Amino acid sequence: MAKNSVKILTKTLTLLFFIGTTIGLYGQIGPTAHPKSDFWKHVQFGGGFGINIGSGFTDVTLAPSGIYNLNHYVSIGAGLQGSIVSQKDYYSSGIYGVNVLTLFNPVEEIQISLEVEQVRVNNTFRNPTMGTIKENFWNTGLFIGAGYRMENVTVGMRYNLLYNKDKNVYSDALMPFIRVYF
């Protein structure tokens with residue numbers, strides 16, 4: 001009896017699914033259909049990738065992001081980032097996090113940016129006399145930047161307003177950047 005009930009329930013749900021899908025599809029056709037959104041026409045994807053390898057040192061970074069162009073002058077966006085850094089027999093670090101950014105283009109060639117970044121840092125130091133030392137912390141950055149823009153590429157400098165030399169991912173508050181969006 002239970003097996004028969006499952007069959008009936010399965011048939012009923014399948015029939016309801018196809019009826020609902022057909023009605024939904026039919027509702028999209030005709031004069032009452034909503035105009036297609038142009039949301040994706042305003043979206044650009046890009047980000048950054050970096051690799052530095054040499055003499056026992058490795059640094060690999062991947063930072064995809066996307067922006068939405070509100071108009072010709074202002075864009076907002078978000079991104080992910082991850083880095084692996086290691087110095088053979090001495091140091092290793094895993095860094096991952098998110099960022100939110102706003103881009104201002106007062107003229108076509110100039111881009112001003114404001115970016116908030118939150119990353120998790122997991123460091124491991126290997127010292128022959130002290131052993132292994134682990135250091136894990138969250139790092140927040142508030143960057144203001146300016147750059148020269150050439151179509152989809154912007155080259156510039158950014159400054160971390162929350163930089164703390166004692167507990168920070170970066171060695172300096174001022175750093176160069178290259179942004180690419182397609």
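**Pockets and selected residues of the chain**

Strand β8 contributes seven residues to the lining of the largest pocket, the most of any element. The model is a predicted one, and the values reported here are computed from it. In this model, β8 covers residues 174-181. The volume of the largest pocket is about 1100 Å³. A total of 43 residues line this pocket, and those closest to its centre are Thr61, Gln81, Arg158, Tyr170 and Met175. At least two lining residues come from each of β1 (43-54), β2 (57-69), β3 (74-87), β4 (91-107), β5 (110-127), β6 (131-150) and β8. By class, the lining of the largest pocket consists of 20 nonpolar, 14 polar and nine charged residues.

The second largest pocket holds about 240 Å³ of space. Its lining is made of 16 residues, of which Gln44, Ile67, Asn69, Asn105 and Arg149 are the closest to the centre. Strands β2, β4, β7 (153-160) and β8 each provide at least two residues of this lining. Nine residues in the lining of the second largest pocket are polar, four are nonpolar and three are charged. Strands β2, β4 and β8 thus appear among the contributors to the largest pocket and also among those to the second largest pocket.

The chain as a whole contains one helix and eight strands. Read from the N terminus, the order of these elements is α-β-β-β-β-β-β-β-β, with the helix ahead of the strands. The chain has 182 residues, and 26% of them count as buried. The area exposed by the chain is about 12800 Å², and 66% of this area is supplied by carbon and sulfur atoms. When contacts between residues at least 6 apart in sequence are considered, 43% of them join residues at least 24 apart.

Glu117 is a residue of strand β5. The relative accessible area of Glu117 is 1%, and the residue is therefore classed as buried, the limit being under 20%. The side chain of Glu117 makes a polar contact of 3.2 Å with the side chain of Gln81. Gln81 is also one of the residues closest to the centre of the largest pocket. Beyond residues up to four places away in sequence, Glu117 touches Gln81, Val98, Asn99, Asn139, Thr140, Gly141, Phe143, Arg158 and Tyr170. Arg158 and Tyr170, like Gln81, are listed among the residues closest to the centre of the largest pocket.

Asn105 belongs to strand β4 and is one of the residues closest to the centre of the second largest pocket. With a relative accessible area of 5%, Asn105 falls under the 20% limit and so counts as buried. A polar contact of 2.9 Å links the side chain of Asn105 to that of Arg149, and Arg149 is likewise among the residues closest to the centre of the second largest pocket. Apart from neighbours within four places in sequence, Asn105 is in contact with His72, Tyr73, Ile110, Gln111 and Arg149.

Tyr73, one of these contacts of Asn105, sits in the loop between β2 and β3. Its relative accessibility is 46%; this value lies between the 20% and 50% limits, so Tyr73 is classed as partly exposed. With neighbours within four places in sequence set aside, the contacts of Tyr73 are Leu103, Phe104, Asn105 and Pro106. Tyr73 and Pro106 are separated by 33 residues in sequence, while their C-alpha atoms are 6.1 Å apart in space.

Two loop residues have a positive phi although neither is a glycine. Ser55, in the loop between β1 and β2, has a phi of about 40 degrees. The relative accessible area of Ser55 is 75%, which is over 50%, and Ser55 is therefore exposed. Asp89 is located in the loop between β3 and β4, and its phi is about 65 degrees. Asp89 has a relative accessible area of 66% and so also counts as exposed, again because the value is over 50%.

Notes. Residues numbered from 1 in each chain as written. Predicted model: local features only at pLDDT ≥ 70, side-chain atom pairs only at ≥ 80, totals over all residues. Heavy atoms only, no water. 1 Å grid on protein atoms, 1.4 Å probe; cavity = no way out; pocket = protein on both sides within 12 Å on 5 of 7 lines; lining within 4 Å. Points joined across faces, edges and corners; volume = space filled by probe spheres on them. Helix = DSSP H or I, 4+ residues; strand = E, 2+ residues; numbered from the N terminus. Nonpolar A, V, L, I, M, F, W, Y, C, P; charged D, E, K, R; others polar. Buried < 20%, exposed > 50% of the residue type's maximum accessible area, 1.4 Å probe, protein only. Contact = heavy atoms within 4.5 Å. Areas by Shrake-Rupley, 256 points an atom, 1.4 Å probe, with all protein chains shown as cover. Polar contact = N/O pair within 3.5 Å; in protein donor to acceptor, adjacent residues only side chain to side chain.
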